[in-house]
Amino acid sequence: MDIGTQEEISPKPASGCARPRKLLLRALAGERTERPPIWLMRQAGRYLPEYHRVREAAGGMVGLCNSPEHAVEVTLQPIRRFPLDAAILFADLPQVAAALGQTLDYRAGDGPVLTPPVRSAADIADFLGVSRLHEELAPVYETVRQLTRALPPEVTLIGYAGAPWTIATYMVEGRGGGSSEHAVVKQWALSDPEGFQPLIDVLTTAVIQFLGRQIEAGAEAVQLFDTWAGILPDALFERWCVKPVAAIIAALKDKYPGVPVIAFPRGAGLAYDGFAEATGADCIGLDATVPLNWAAQNLQRGLGRCVQGNLDPQLLAAGGPALNAETDRILRALSGGPFVFNLGHGIIKTTPPENVAALAEQVRSWTTPVPPHPLGNHTGHRPPSE
């Protein structure tokens, strides 16, 4: 059974002396805010009719991702529609793979397709490299720069990248999406870890540089998506998921110490708290299977971390009383500490936009209960509002 509203959890001190003013940045800095900030994974996308018009005008997904004008527009679309606290850069995870040397295409029914697939250490040596990374990803950096000027002042801009293991699954299988059992990449990683390691190494280097350039262009926070973290057995989860993400966060913190990092190891299960502790992420994204009381106790209280999540996207698509009740349950369970309301994965394309509007309004109308005064005075005071 999940707990109700938590008692106040002592926040993790933010870096530096000045407290960030934007609501999302305050939560990511470890503050228990007067209400949770809200943004949604894949909030810019296929469920919005205006998105399809822009994608068609851009000539498809590749054109959309590589056109700052169009990518800015689709990033802004959900911000215009809904009272969200953050915008996440519109780009696509396999763009890093394409920048390293593969060819990226989108085929109806297949999603992203990467050719040639990477199947050996020889393939890594023969056609992958970071020499053209920033040239290939220059449109993404320009999109970030334009968004810093276009977004409302209270909205936080989030940059992002896939984590090395998840990008590697795309590169080896030759496609993205969840239809594959990932047999090829898992067999290579399990049977020949030394041969597979150089792929993780080049991706770790690329992701550090990619996120660094986004930060320099104006991203105020970044998220690492490890969508396929949960498909690995325990020993290789540590090697292929935890260690690369820890290396990326350490490098970013060394160069950009004031920029918070959200890490989302989807499907990590009982490894969530070990992942959080080992990687040093400021905030941990929770998939929809994570029990709320466990997350509050082990991540918020035990580690003092901000948590993000974890509404099931199918409930958002369904809407109605079930959505309202689950949203309320999540708010009550996680509002005792630093918390960002989000989904347990991305918005699905059949989601009615009016359900997103209702969710955003419900979260924004929530008031985090004032905790009891340490000496028994229950009057307390609320943190200053935005």
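Modeller: A helix here is a DSSP run of H or I with at least four residues, and a strand is a run of E with at least two, both numbered from the N terminus. The model above is predicted. Gly280 follows helix α13, and its phi is positive, near 75°.

Biologist: How many helices and strands are there in the chain?

Modeller: The chain has 17 helices and nine strands. Its residues number 386, and 55% of them count as buried. Among contacts with a separation of 6 or more, 73% join residues 24 or more positions apart.

Biologist: Back to α13. Which of its residues are buried?

Modeller: Start with the general idea. An α-helix has 3.6 residues a turn, so residues three or four places apart point the same way. Now the case: α13 covers residues 272–279, and its buried residues are Tyr272, Phe275, Ala276 and Thr279. Looking down the axis of α13, these buried residues fall within an arc of 100°, so they line one face of the helix.

Biologist: What covers the buried residues of α13?

Modeller: The cover includes two helices and two strands by name: α12 (234–255) and α14 (292–303), with β6 (261–265) and β7 (283–285).

Biologist: Take a single polar residue next. Is Gln308 buried or exposed?

Modeller: The cut-off decides it: buried means under 20% relative accessible area. Gln308 has 2% relative accessibility, so it counts as buried. The residue sits in strand β8, residues 306–311.

Biologist: With which side chain does the side chain of Gln308 make a polar contact?

Modeller: With that of Trp39, at 3.1 Å. Trp39 is also on the contact list of Gln308, which leaves aside neighbours within four places in sequence. The rest of that list is Gln223, Ile262, Cys283, Ile284, Gly285, Leu286, Val340 and Asn342.

Biologist: Gln214 is another glutamine. Where is Gln214 found?

Modeller: In helix α11, residues 193–217. Its relative accessibility is 0%, so Gln214 counts as buried. The side chain of Gln214 reaches a backbone atom, the nitrogen of Tyr160, at 2.9 Å. Beyond four places in sequence, Gln214 touches Leu89, Tyr141, Val144, Gly159, Tyr160 and Ala219.

Biologist: Tyr160 brings me to cavities. How many cavities of 30 Å³ or more does the structure have?

Modeller: A cavity is a space where a 1.4 Å probe fits but cannot get out. A search of the whole structure finds three of 30 Å³ or more. The largest cavity holds about 40 Å³. Tyr160 is one of its lining residues, together with Ala91, Asp92, Leu93, Gln95, Val96, Ala161, Gly162 and Phe210. That lining divides into six nonpolar residues, two polar and one charged.

Biologist: Which element gives the most to the lining of the largest cavity?

Modeller: Strand β4, with three residues. Helix α5 (95–100), like β4 (156–162), supplies at least two.

Biologist: And the largest pocket: how much space lies in it?

Modeller: About 1100 Å³. It is lined by 37 residues, and those closest to its centre are Arg42, Arg46, Met61, Asp92 and Tyr170. Two or more lining residues come from each of α2 (49–58), β2 (103–107) and β3 (111–115). By type, the lining has 19 nonpolar residues, ten polar and eight charged.

Biologist: Some contacts link distant parts of the sequence. How many residues apart along the chain are Tyr47 and Pro352?

Modeller: They are 305 residues apart along the chain, yet their C-alpha atoms are separated by 6.9 Å. Tyr47 lies in the loop between α1 (23–28) and α2. At 6% relative accessibility, this loop residue counts as buried. Its side chain reaches the backbone oxygen of Gln43 at 2.5 Å. Not counting residues up to four places away in sequence, Tyr47 touches Arg42, Pro78, Phe82, Ile347, Ile348, Lys349, Thr351, Pro353 and Val356.

Biologist: Which residues does Leu316 touch?

Modeller: Setting aside residues up to four places away in sequence, Leu316 touches Leu40, Leu311, Leu323, Leu343, Ile347, Thr351, Asn355, Val356 and Leu359. Ile347, Thr351 and Val356 are also among the residues that Tyr47 touches. Leu316 lies in helix α15, residues 313–318, and is buried with a relative accessible area of 0%. Glu354 is 38 residues from Leu316 in sequence, and their C-alpha atoms are 9.9 Å apart.

Notes. Residues numbered from 1 in each chain as written. Predicted model: local features only at pLDDT ≥ 70, side-chain atom pairs only at ≥ 80, totals over all residues. Heavy atoms only, no water. 1 Å grid on protein atoms, 1.4 Å probe; cavity = no way out; pocket = protein on both sides within 12 Å on 5 of 7 lines; lining within 4 Å. Points joined across faces, edges and corners; volume = space filled by probe spheres on them. Nonpolar A, V, L, I, M, F, W, Y, C, P; charged D, E, K, R; others polar. Buried < 20%, exposed > 50% of the residue type's maximum accessible area, 1.4 Å probe, protein only. Arc of directions from axis to C-beta. Contact = heavy atoms within 4.5 Å. Polar contact = N/O pair within 3.5 Å; in protein donor to acceptor, adjacent residues only side chain to side chain.
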